[in-house]
Amino acid sequence: MSTEQFTGRTVVVTGAGSGIGRATAVRLVAEGATVVAADIDPDRLAVLVAEVPSPRLRTIAGDLASAETIQAIVEAADGRLDGLANIAGIMDGFLPAGEVDDATWDRVLAVNLTAPLRLVRAALPLLLADGGGAIVNVASEAALRGSAAGAAYTASKHAVVGLTRSIAFTYGPQGVRANVVAPGPVATGIEGTSRSELGAQRIFSVLGALDLQVAQPEQLAAAIVWLLSAESSNVNGVVLPSDSGWSAV
């Protein structure tokens with residue numbers, strides 16, 4: 001990709017304090033974008049700013065489940081928005097449907113599904129005002145199968161795919177593209193501890209048999225940045241697995 005592609009463009013990246021979100025924010029800044037980097041942890045954002053000292057990096061610390069955080073993110077775009085990468089997400093302890101508690105269910109859906117919807121809803125007027133733009137929602141292999149996570153995470157990521165396709169269909173004629181990246185195992189800080197004996201037994205036996213390679217965050221960032229770029233201008237409503245071949249199994 002040309003390092004000039006994002007010059008003059010503004011992109012929101014959530015989960016930018018670590019992992020895939022951080023790698024995406026770093027790459028976008030390097031390629032000329034103004035990046036609104038959001039994360040729940042202000043300390044992680046402070047480290048990002050120290051390591052990427054650029055006037056084109058704006059940070060917002062807050063819980064994406066909060067309406068105030070969503071408003072602050074959009075306001076930080078300062079009236080212009082060309083892209084949105086919904087990357088932040090949380091796991092569910094691999095709890096199956098018969099064991100998942102209401103608090104876990106509500107929190108996972110709030111962060112993984114409702115927050116992206118609210119950000120898209122808030123971002124659309126700016127995207128449309130500039131003649132269009134690109135939305136990339138990060139799902140998971142759990143969006144494609146039932147054997148990758150617990151009930152709440154799996155449901156949230158399946159729903160992200162449906163939400164993305166709805167956005168692509170509805171707003172595509174107005175120049176807004178929406179696509180999904182579906183990672184497999186990635187070396188990130190997301191909590192992966194099981195809280196269910198049954199969940200661990202069923203899921204980990206499958207994952208162990210697959211012998212999948214663990215990707216680096218930069219590999220996922222490459223796919224996300226491409227989908228945000230003009231080079232993918234004919235791509236809308238797709239689910240792009242970046243999963244070491246897991247989706248071929």
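Student: Contact means heavy atoms within 4.5 Å. Leaving aside neighbours within four places in sequence, which residues is L84 in contact with?

Tutor: V11, V12, L119, V120, A123, A134, I135, V136 and L228. Remember that this is a predicted model: local features need pLDDT of at least 70 and side-chain atom pairs 80 or more, while totals for chains, interfaces and linings use all residues. Numbering starts from 1 along each chain as its sequence is written, and side-chain values use heavy atoms, without hydrogens or water.

Student: OK. How many residues are in the largest nonpolar core?

Tutor: The count is 32. Such a core is a set of buried Ala, Val, Leu, Ile, Met, Phe, Trp, Tyr and Cys residues joined through side-chain atoms within 4.5 Å.

Student: Which residues have the most contacts inside it?

Tutor: L64, I73, L81, L84, L119, L127 and I135.

Student: Which elements each supply at least two residues of this core?

Tutor: Two strands and three helices are on the list: β2 (34-39), β6 (176-183), α3 (67-76), α4 and α5 (151-171). These elements are DSSP runs numbered from the N terminus: helices are H or I with at least four residues, strands E with at least two.

Student: And which one gives the most?

Tutor: Helix α4, with eight residues.

Student: What does the second core include?

Tutor: That core is separate and has 30 residues. Among them are V35, L57, A223 and I224.

Student: Let's zoom out. How many helices and strands are there?

Tutor: Seven helices and seven strands. Read from the N terminus, the order is β-α-β-α-β-α-β-α-β-α-β-α-α-β.

Student: What does the C-alpha trace span along its principal axes?

Tutor: About 50 × 35 × 30 Å.

Student: And what share of the residues is buried?

Tutor: Of the 249 residues, 51% count as buried. Buried is under 20% relative accessible area, exposed over 50%, partly exposed in between (1.4 Å probe, protein chains only).

Student: What about contacts between residues at least 6 apart in sequence: what percentage joins residues at least 24 apart?

Tutor: In this chain, 74% of those contacts do.

Student: New topic, aromatics. How many pairs?

Tutor: One. Ring centres of Phe, Tyr or Trp (its six-membered ring) must lie within 6.5 Å; planes under 30 degrees apart are stacked, over 60 edge-to-face, the rest tilted.

Student: Why is the pair of F94 and F204 called edge-to-face?

Tutor: Because the ring planes of F94 and F204 stand at 75°. The ring centres are 5.0 Å apart.

Student: Where do the two residues sit?

Tutor: F94 is in the loop between β4 (83-86) and α4 (102-129). F204 is in helix α6 (residues 197-210). The pair links distant parts of the chain, with the two positions 110 residues apart.

Student: Is F94 buried or exposed?

Tutor: F94 is buried, at 7% relative accessibility. Its partner F204 is partly exposed, at 35%.

Student: Last bit, backbone. What is odd about D211?

Tutor: D211 has a positive phi, about 55°, yet is not a glycine. Most residues other than glycine have a negative phi. D211 lies in the loop between α6 and α7 (217-228) and is exposed, at 66% relative accessibility.

Student: And what is phi of S244?

Tutor: Positive again, near 60°. S244 is in the segment after β7 (239-242). At 42% relative accessibility, S244 is partly exposed.
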